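Me: Please take a close look at one part of this structure, the largest nonpolar core. Set it in the context of the chain around it.

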Amino acid sequence: MSGLVLFGPEELAAAAPEIVLSAAGCLILLLDAFAPRLRPWFATLSLAAIAGSLALLLRAPAGASFGGRLETSALTSLMGGFIAATAAVSILIAKPYLRRTGEERGEFYALLLWGHVGVSLLTRGLDLLVIFVGLELLSLSFYVLAGFFRGIPAS
């Protein structure tokens, strides 16, 4: 049974950054559906999720996990910091624009967080399947974001 992967605390700690980002995206969608008056706080929640994900990435155990499918090293932590910084800057730049155009909805922030998860899986993945899942998650999120403004014909 060489293909069996057991999930222990080390694996959970290694995947915690991606879990936090994915859960925050789901939470934002649920809040958008059931508590739309909280929309002004979605950017803050997204930034908090990115900061929490980066903190968990920096504290993740070094080495390969999930049977050699996911890696945590100094290089992946450096890339995670760069990815977190670009996602945070994207949120900070997009929030005033979305408010001004009246398009501030939870889908934008959720898709941005899920795209962040895809890039994170691309940088940390050692297995072709993990890299492919990361690429698909990234591309699907950004395809939907490209058509986010329904009123603009170019999108």
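Reply: The protein chain exposes about 8,600 Å², of which carbon and sulfur atoms supply 73% (Shrake-Rupley method, 1.4 Å probe; for residues, only the protein chains shown count as cover). The model is predicted, so to speak of local features takes pLDDT of at least 70, and side-chain atom pairs count only at pLDDT 80 or more, while totals for chains, interfaces and linings use all residues. Residues are numbered from 1 along each chain as its sequence is written, and side-chain values use heavy atoms, with hydrogens and water left out.

Five helices and two strands make up the secondary structure of the protein chain, in the order α-α-β-β-α-α-α from the N terminus. Helices are DSSP runs of H or I with at least four residues, and strands are runs of E with at least two, numbered from the N terminus. Of the 155 residues, 40% are buried, meaning under 20% relative accessible area (1.4 Å probe, protein chains only).

A nonpolar core is a set of buried Ala, Val, Leu, Ile, Met, Phe, Trp, Tyr and Cys residues joined through side-chain atoms within 4.5 Å. The largest one has 28 residues, and L21, I50, I91, L98, F108, Y109 and L113 have the most contacts inside it. At least two of its residues come from each of α1 (9-34), α2 (42-59), α3 (74-101), α4 (106-124) and α5 (128-146). The largest share, nine residues, is supplied by α4.

Beyond its neighbours within four places in sequence, L98 is in contact (heavy atoms within 4.5 Å) with E103, E104, F108, Y109, F148 and F149.

Key
Buried means under 20% relative accessible area, exposed over 50%, partly exposed in between (1.4 Å probe, protein chains only).
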